[in-house]
Every structure is written in structure tokens, then in C-alpha cells.
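Visitor: I've got a model open and I'd like to learn how to read it feature by feature. Could you walk me through it?

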Amino acid sequence: MADTRGVYRRRPIGKIGRLAIPFVMAAVFVTAAFAQEVPKGFRSPTGNIQCLFFDASSVRCSIAAVSNRPAQRPADCDLEWGHDFGLGASSREGERLCVGDTIAGNYPVLHYGEIASYGAVICRSARKGVTCVNRTGAGFELSRSLQRVF
């Protein structure tokens with residue numbers, strides 16, 4: 001299997017995108033000069049879901065608004081619950097996270113029908129939400145009406 005590390009499959013850029021390329025390239029060079037890695041994240045077209053890849057081995061996604069009741073908060077979680085999900089490259093199941101921080105950022109949009117992958121984790125954007133899976137088939141599915149780990 002080919003290495004898919006850091007591959008973002010995107011639609012061709014339009015006129016506005018072409019105009020932004022020099023600015024994006026300048027930001028990349030400035031970041032490289034300071035030896036900082038640009039976050040490998042994306043957001044859904046609605047902006048309700050944001051995801052960030054970590055070390056080519058995991059992804060964390062956060063969903064801002066849900067229309068259903070989140071799963072029961074674990075007794076040992078005294079932080080934020082119900083909106084963040086994680087998946088590692090070798091996880092047997094996606095995970096609901098108890099978190100005290102945020103991954104919110106100004107990430108590029110992953111349009112419907114597109115995928116983003118980094119290492120062993122692949123995420124797909126669809127009108128029904130975002131689904132992330134690893135090579136073993138474990139993952140999670142997020143939408144305003146459903147948050148499911150498998």
C-alpha cells in the first residue's frame with residue numbers, strides 16, 4: 001500500500017485560490033524558517049466539525065453543535081465531554097474524549113466527497129458529516145444529529 005502520509009485530495013483551485021497561493025507560500029516559508037510545523041487540520045464545509053491530525057498516527061475531531069443528547073459523561077471526567085473524538089492508527093475503536101483544551105483553528109475546508117489522510121488515518125467529508133477510520137476499520141462518524149464510535 002502506498003504511503004498516504006499528509007495527502008489531501010482536493011478539488012482544483014479557482015481564481016481566488018490562485019490569487020491566495022503567493023500568500024500561502026509566504027506563510028509556509030516563514031513557518032519553515034522558524035522550524036514549526038503547520039497544523040494538518042481541516043473543517044467541514046459548515047464549519048461545525050474541525051479535525052487535527054497528530055504525528056501521522058492519530059486524529060482528533062471536535063463538533064461544535066449537536067442536536068441530540070451526548071452519551072453519558074463518565075464519572076472520572078470533570079472536563080468538557082460529548083464534543084471531541086479521537087482515533088489512533090492502531091486503535092480498535094474510536095474514542096469519545098474528555099478534554100480541557102481545544103483544537104479550534106482556521107483550517108482549510110474539506111469539501112463534500114473529499115478525503116484527508118495523514119499516516120494511517122483517513123477522514124472523509126460528506127453531506128451527512130465526517131467519518132474517520134484507521135487501517136483496521138476502527139473509527140467514528142460525526143454529524144449534528146449523530147456521534148458514533150466504532
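Visitor: Let's begin with strand pairing. How many bridges join strand β7 to strand β8?

Guide: The general idea: strands of a sheet pair through backbone hydrogen bonds, and the pairing is either parallel or antiparallel. Keep in mind that this is a predicted model. Here, β7 covers residues 121–126 and β8 covers residues 129–134; the two run antiparallel and are joined by six bridges. If you want one rung of that ladder to look at, take Ser 125, whose bridge partner in β8 is Val 130.

Visitor: And which sheet do those two strands sit in?

Guide: An open one with five strands, in the order β6-β7-β8-β9-β10 and with antiparallel pairing. At its edges you'll find β6 (115–118) and β10 (147–149), each pairing on one side only. From one strand to the next, the twist averages 10°.

Visitor: What is the strand order in the open sheet that begins with β1?

Guide: That sheet reads β1-β2-β3-β4-β5; it has five strands and antiparallel pairing. The edge strands are β1 (40–43) and β5 (95–99), and each of them pairs on one side only. Its twist averages 25° from one strand to the next. Zoom in on β2 (residues 49–54) and β3 (residues 58–63): they pair in the antiparallel sense over six bridges. Cys 51 stands opposite Cys 61 in β3.

Visitor: Two cysteines facing each other, then. What joins Cys 51 to Cys 61?

Guide: A disulfide does, with an S to S distance of 2.0 Å. In general, a disulfide is a covalent bond between the sulfur atoms of two cysteines. For this one, the torsion about the S-S bond is about 110°, so the disulfide is right-handed. It links Cys 51 in strand β2 with Cys 61 in strand β3, ten residues apart.

Visitor: Is Cys 51 buried or exposed?

Guide: Cys 51 has 0% relative accessibility, so it counts as buried. Cys 61 is buried too, with a relative accessible area of 0%.

Visitor: How many disulfides does a search of the whole structure find?

Guide: Three. Another of them is formed by Cys 77 and Cys 98, with the sulfur atoms 2.0 Å apart. The torsion about that S-S bond is about 90°, so this disulfide is right-handed. Cys 77 lies in the loop between β3 and β4, while Cys 98 lies in strand β5, so the pair ties together parts that are 21 residues apart in sequence. The accessibility is worth checking at each end: Cys 77 is buried, with a relative accessible area of 5%, whereas Cys 98 is partly exposed, at 33%.

Visitor: What about Cys 123 and Cys 132: how far apart are their sulfur atoms?

Guide: They are 2.1 Å apart, and the two cysteines form a disulfide. With a torsion of about 110° about the S-S bond of Cys 123 and Cys 132, the disulfide is right-handed. Both of these cysteines are buried.

Visitor: If I number the bonded cysteines in sequence order, what is the pairing?

Guide: It comes out as 1-2, 3-4, 5-6.

Visitor: On to the rings. How many aromatic pairs does the structure hold?

Guide: There are three aromatic pairs. To read a pair, look at the angle between the ring planes: under 30 degrees counts as stacked, over 60 as edge-to-face, and the rest as tilted. Phe 53 and Tyr 118 have ring centres 6.1 Å apart and planes at 55°, so the pair is tilted. Phe 53 lies in strand β2 and Tyr 118 in strand β6, so the pair ties together parts that are 65 residues apart in sequence. Both Phe 53 and Tyr 118 are buried.

Visitor: How do the rings of Phe 85 and Phe 140 sit?

Guide: They form a tilted pair as well, 6.0 Å centre to centre with 40° between the planes. Phe 85 belongs to strand β4 (residues 80–88) and Phe 140 to strand β9 (residues 139–142); they're 55 residues apart, and the pair links distant parts of the chain. Phe 85 counts as buried at 0% relative accessibility, and Phe 140 counts as buried at 0% too.

Visitor: Which residues form one aromatic cluster?

Guide: Phe 42, Phe 53 and Tyr 118 do. You've already met Phe 53 and Tyr 118 as a tilted pair.

Definitions and conventions: Residues numbered from 1 in each chain as written. Predicted model: local features only at pLDDT ≥ 70, side-chain atom pairs only at ≥ 80, totals over all residues. Heavy atoms only, no water. Pairing = 2+ DSSP bridges. Helix = DSSP H or I, 4+ residues; strand = E, 2+ residues; numbered from the N terminus. Axes fitted to C-alpha atoms, helices over the stretch in contact; angles between N-to-C directions. Phe/Tyr/Trp six-rings, centres within 6.5 Å; stacked < 30°, edge-to-face > 60°. Buried < 20%, exposed > 50% of the residue type's maximum accessible area, 1.4 Å probe, protein only. Disulfide = S-S within 2.5 Å.
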